[in-house]
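Trainee: Please pick one part of this model and take me through it closely. I would like to know how it pairs, what it packs against and how far the prediction can be trusted there.

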Amino acid sequence: MKQVNTIKFLTIATMFGSTLGAMASDLEINGFYYKLDSLNNTAEVTYKGDCRCGGKTYTGNVVVPSQVKYGDRTFTVTNIGDYAFS
């Protein structure tokens with residue numbers, strides 16, 4: 001019985017984690033860091049790491065694309081996140 005409960009817990013935890021991962025993730029695509037929202041097919045420009053502690057931000061002339069492709073999906077860039085250009 002204890003093993004069955006453990007398997008149920010791990011299955012539920014995996015499903016929950018997968019759902020969160022599908023909703024938002026931070027990843028690099030063509031030199032930009034994005035948080036993707038797969039439920040709405042939108043993307044937010046972010047940065048790598050903690051920009052206040054030396055994380056990667058952008059410098060110089062930057063042209064943010066209006067859309068970004070990841071896998072077989074296209075996401076519309078709708079927002080530039082806080083500190084992305086700090």
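Mentor: Two strands count as paired if DSSP finds at least two bridges between them. The elements themselves are DSSP runs numbered from the N terminus, with helices (H or I) of at least four residues and strands (E) of at least two. This is a predicted model, where local features need pLDDT (the predictor's confidence in each residue, from 0 to 100) of at least 70 and side-chain atom pairs count only at 80 or more, whereas totals for chains, interfaces and linings use all residues. Residues are numbered from 1 along each chain as its sequence is written, and side-chain values use heavy atoms, leaving out hydrogens and water.

The part to look at is strand β3, residues 42-45. For orientation, the chain has one helix and five strands, in the order α-β-β-β-β-β from the N terminus.

Start with the pairing. On one hand β3 pairs with β2 (residues 32-37), antiparallel and over four bridges. Within that pairing, A43 is the bridge partner of L36. The two strands form a hairpin with four residues between them, and N41 in the turn has a positive phi of about 55 degrees. On the other hand β3 is joined by four bridges to β5 (residues 73-80), and here the strands run parallel. V45 is the residue that stands opposite I80 of β5. β5 in turn is joined to β4 by four bridges, in the antiparallel sense, with V68 opposite F75. β4 and β5 make a hairpin too, with two residues between them and G71 in the turn at a positive phi of about 65 degrees.

Now the side chains of β3. They alternate: A43 and V45 point to one face and are buried, while T42 and E44 point to the other and are not. Buried means under 20% relative accessible area, exposed over 50% and partly exposed in between, with a 1.4 Å probe and protein chains only. Of the 86 residues of the chain, 22% count as buried.

A43 and V45 also appear in the largest nonpolar core, a set of buried Ala, Val, Leu, Ile, Met, Phe, Trp, Tyr and Cys residues joined through side-chain atoms within 4.5 Å. This core has 13 residues, and those touching the most other members are Y34, L36, A43, V45, Y58, V68 and V77. The elements giving two or more residues to it are β1 (26-29), β2, β3 and β5. β2 gives the most, with four residues.

The neighbour β2 deserves a few words of its own. Y34 counts as buried because its relative accessible area is 1%. F32 is buried as well, at 12% relative accessibility. A search of the whole structure finds one aromatic pair. It is formed by F32 and Y34, which are tilted, with 6.2 Å between the centres and 45 degrees between the planes. For such pairs the ring centres of Phe, Tyr and Trp (its six-membered ring) lie within 6.5 Å; planes under 30 degrees apart count as stacked, over 60 as edge-to-face and the rest as tilted. Y33, also in β2, counts as buried at 10% relative accessibility. Its C-alpha lies 5.3 Å from that of Y47, although the two residues are 14 apart in sequence.

T46 belongs to the loop between β3 and β4. T46 counts as buried because its relative accessibility is 9%. Leaving aside residues up to four places away in sequence, T46 touches D26, Y33, Y34, K35, Y58 and A84; a contact means heavy atoms within 4.5 Å. Across the chain, 48% of the contacts with a separation of 6 or more are between residues 24 or more positions apart.

Last, the confidence. The chain has a mean pLDDT of 73, and 59% of its residues reach 70 or more. Among its elements, β4 (residues 67-70) has the highest mean, 96, and helix α1 (residues 2-23) the lowest, 46. Over residues 13-24 pLDDT stays under 50, and the model has seven contacts beyond four places in sequence for them. Where pLDDT is low, the predicted coordinates should not be read in detail.
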